[in-house]
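Colleague: Could you take me closely through one helix of this model, and then through the backbone and the surroundings of the DNA as far as they can be described?

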Amino acid sequence: MNAAPEPVTEPVRRQDLAVDPVVAARSLLGTVLTSTTPEGEVAVRLVEVEAYRGGDDPASHCYRGRTSRNEVMWGPAGHLYVYFVYGMHFCANVVCLTDGVPGAVLLRAGEVVAGHDLARERRRTARRDADLARGPARLTTVLGLEREHNGVDLTDPEAPVRLLTGDPVPDERVRTGPRVGVATAMELPWRFWTDGSPAVSTYRRGTRRHRIKLTRD
DNA sequence: CAATTGATCCTCT
DNA sequence: GAGGATCAATTGA
């Protein structure tokens, strides 16, 4: 096995995440999220993220105030916010800003850089390697992230999930656009991705599927 | 290819 | 009770 050398990385500092989610999102491209469970370790290099602000962002879980679900988003930066969607998937965010001010970056896609075999086991339906963590719910699946990981401090060297600096992505490789699956605030280019990565998820506009209510049947 | 839909359950109204 | 920061399978061109 002629494995590529491990990238020289160190933990991302909390102070670098205690900033506006739009700034944090840009800086998270190229960082490496690594998770250790009883099954083993899997690491992913982030190639697609989205910023969510608290109070003034109608697409944010915190738009309508503090609840038990979004509690972690109101806490200090550098923690993991995991939530359950659509009755079957988990999505993961990195919390930003400071204690008391909500904000987070949704982790939408990554490239598996360690633990490839375990990643494959967890995502048997993936056709190509690039599909292993292509999409927010696929990313959590590959890393084995579930409800119990909500609130984990990613800057703690002892934590089961950690965020490492990885290789910075230069500006000329960063692209931006509207967020995926969001039906409001379409004008905000708060989605960031690494140009050329095959693991970037395909854009889908937010739909209001129950928008049309049939009058009768 | 693109568009559509079923699966499935937690959260907030 | 409604609907969602989704995925995978299926349908039709």
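Modeller: In this predicted model, the buried residues of helix α4 pack against four strands, β1 (32–37), β2 (40–53), β4 (89–95) and β5 (103–114), and also against helix α3 (116–122). Helix α4 itself spans residues 136–143 and is mostly covered, with 6 of its 8 residues buried; these are P136, R138, L139, T140, V142 and L143. Just after α4 comes G144, whose phi is positive, at about 70°.

A positive phi deserves a remark in other residues, because most residues other than glycine have a negative phi. L97, which is not a glycine, has a positive phi near 60°, and this residue sits in the loop that links β4 to β5. L97 counts as buried because 22 other C-beta atoms lie within 10 Å, the cut-off for a buried residue being 20 or more.

Y86 is likewise not a glycine and has a positive phi, of about 55°, and its place is the loop between β3 (80–85) and β4. Y86 has 7 C-beta neighbours inside 10 Å and therefore counts as exposed, since the cut-off for that class is 12 or fewer.

Y86 is also one of the residues around DNA strand B, together with R64, T67, S68, R69, N70, F84, G87 and M88. By type, the residues of this surface near DNA strand B comprise 3 nonpolar, 4 polar and 2 charged.

How values were computed
Residues are numbered from 1 along each chain as its sequence is written. Chains are lettered from A and ligands numbered from 1 in the order in which they are written. This is a predicted model: local features need pLDDT of at least 70, side-chain atom pairs count only at pLDDT 80 or more; totals for chains, interfaces and linings use all residues. A residue is near a molecule or strand if its C-beta atom, placed from the backbone, lies within 6 Å of it. Ala, Val, Leu, Ile, Met, Phe, Trp, Tyr, Cys and Pro count as nonpolar, Asp, Glu, Lys and Arg as charged, and the others, Gly among them, as polar. Helices (H or I, at least four residues) and strands (E, at least two) are DSSP runs, numbered from the N terminus. Two residues are in contact if their C-beta atoms, placed from the backbone, lie within 7 Å.
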